[in-house]
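User: I have a structure open beside its sequence and would like to go through it with you, one point at a time. Please reason each answer from the atoms and finish on the value or name I ask for.

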Amino acid sequence: DYPDLEILVSDNGSTDGTVALCRELVDDDPRVRIVAHETNRGWQFNFRYLLAEAGGHYFMWVGADDRPAPTFVSAAAAVLESRPELVSCVSRVRWLHDGQPGELAAGTAPLTDSPRRNVATYLRHARDNSRFYGLHRTWVLREAFPTRNFYGLDLAIMVGTLRGGGHGEVPEVLLERERSDPEGYVRHIE
C-alpha cells in the first residue's frame, strides 16, 4: 500500500522458470523491473546489485522465504519518517515452519540507545537477523555494505547501519519468514 514503490527482481541464475513467472505476473507494471543474471553469482553479489540499482529513499530486501504484509512498507516508512534519528525499521516477525505459523523472532526489538549499546544488544540477538529484512534508509545501507564478501556479511551490514542511527520496530507482526535449519549455516562454512 506504499504509494511510491519500485520493485527490482534480480534473478540470480535460477533454472526454475522464475523470470518467466515474474514477467507473467507483473505484465507491464511500470513499478517492476526484472533482471536475469545468467549464472548464480552468490547471494552477496545479488544483494549488492539490488542495492546499487535502487533509486528510492528507502530500501528493503525480500528473500524467497519472506512474506511481508501489504502494509509492511508503509508502516515501517511511517516510523522512519517520524523518527529521523532511526535508520532502519522492522516489524515483529513470525517464523514459519514448513509454511505453518510458529514462534516470534527474538531480534526485532528497537535499538535506540547509544551506538555502542545498540551494537551490543543487536549482537546478543543476531542469530535470527530478521532486522536485515526490514526497511532501511538507502544511503545507510550503501555506506554499511562491505566491498568484499565474507561469512556473516549480513551481520556486518546491520552493525554498520548502527553507526548511522538507531533501529525502530513496528510492534505488530507484518513479516513472516520461513525458518531455515541453523545447522545449514554451520555446514556452509565447514
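User: Which backbone oxygen lies 3.1 Å from a polar atom of the side chain of H136?

Analyst: The model is a predicted one, and that should be kept in mind throughout. H136 is found in strand β7, residues 135-137, and with a relative accessible area of 1% this histidine is buried. A polar atom of its side chain lies 3.1 Å from a backbone oxygen, and that oxygen belongs to F132.

User: In which sense do strand β4 and strand β8 pair, antiparallel or parallel?

Analyst: Strand β4 covers residues 66-68 and strand β8 covers residues 166-178, with 3 bridges between the two. Within this pairing, P68 of the one strand stands opposite L175 in β8. The sense of the pairing is antiparallel.

User: How many bridges join strand β5 to β8?

Analyst: Strand β5 spans residues 86-97 and runs parallel to β8. As one example of a pairing in β8, R177 is the bridge partner of W95. The number of bridges that join β5 to β8 is 10.

User: R177 forms a salt bridge with which residue?

Analyst: In this salt bridge the closest N and O atoms are 3.1 Å apart. R177 belongs to strand β8 and its partner to strand β4, so the pair ties together parts that are 111 residues apart in sequence. Both members of the pair are buried, and the partner of R177 is D66.

User: Is E178, which meets R67 in a salt bridge, buried or exposed?

Analyst: The side chains of R67 and E178 meet at 4.0 Å, N to O, and the pair links distant parts of the chain, with R67 in strand β4 and E178 in strand β8, 111 residues apart. R67 has a relative accessibility of 42% and counts as partly exposed. For E178 the relative accessibility is 17%, and because the cut-off for burial is under 20%, E178 counts as buried.

User: How many residues apart in sequence are the parts that E6 and R33 tie together?

Analyst: E6 and R33 form a salt bridge whose closest N and O atoms are 4.0 Å apart. E6 lies in the segment before β1 (7-12) and R33 in strand β2 (residues 32-37), so the pair ties together parts of the chain that are separated in sequence by 27 residues.

User: Which residue is linked with E6 and R33 in a network of salt bridges?

Analyst: The structure holds 8 salt bridges, among them the one between E6 and R33. E6 is partly exposed at 39% relative accessibility, and R33 is likewise partly exposed, with a relative accessible area of 34%. The residue linked with these two in the network is E53.

User: Which elements give two or more residues to the lining of the largest cavity?

Analyst: The structure holds 1 cavity of 30 Å³ or more, and about 30 Å³ of space lies in the largest cavity. Its lining consists of L8, V9, S10, R33, V35, Y49, L50 and E53. By element, those that give two or more residues are β1, β2 and α2 (43-53).

User: How many nonpolar residues does the lining of the largest cavity have?

Analyst: R33 and E53, which belong to the salt-bridge network with E6, are also found among the lining residues. By class, the lining has 2 charged residues and 1 polar residue, while the number of nonpolar residues is 5.

User: Which residue takes a positive phi in the hairpin of β5 and β6?

Analyst: β5 and strand β6 (residues 100-104) run antiparallel and are joined by 3 bridges, with L96 standing opposite P101 in β6. The hairpin has 2 residues between the strands. The residue with a positive phi near 50 degrees lies in the loop between β5 and β6 and is exposed, with a relative accessible area of 75%; this residue is D98.

User: Is N129, which has a positive phi of about 45 degrees, buried or exposed?

Analyst: N129 has this positive phi although it is not a glycine, and its place is in the loop between α4 (115-124) and β7. Its relative accessibility is 4%, so N129 counts as buried.

User: What separation do the C-alpha atoms of E38 and V119 have?

Analyst: E38 has its place in the loop between β2 and α2, and with a relative accessible area of 79% this glutamate is exposed. E38 and V119 are 81 residues apart along the chain, and their C-alpha atoms are separated by 38 Å.

Definitions and conventions. Residues numbered from 1 in each chain as written. Predicted model: local features only at pLDDT ≥ 70, side-chain atom pairs only at ≥ 80, totals over all residues. Heavy atoms only, no water. Pairing = 2+ DSSP bridges. Helix = DSSP H or I, 4+ residues; strand = E, 2+ residues; numbered from the N terminus. Buried < 20%, exposed > 50% of the residue type's maximum accessible area, 1.4 Å probe, protein only. 1 Å grid on protein atoms, 1.4 Å probe; cavity = no way out; pocket = protein on both sides within 12 Å on 5 of 7 lines; lining within 4 Å. Points joined across faces, edges and corners; volume = space filled by probe spheres on them. Nonpolar A, V, L, I, M, F, W, Y, C, P; charged D, E, K, R; others polar. Polar contact = N/O pair within 3.5 Å; in protein donor to acceptor, adjacent residues only side chain to side chain.
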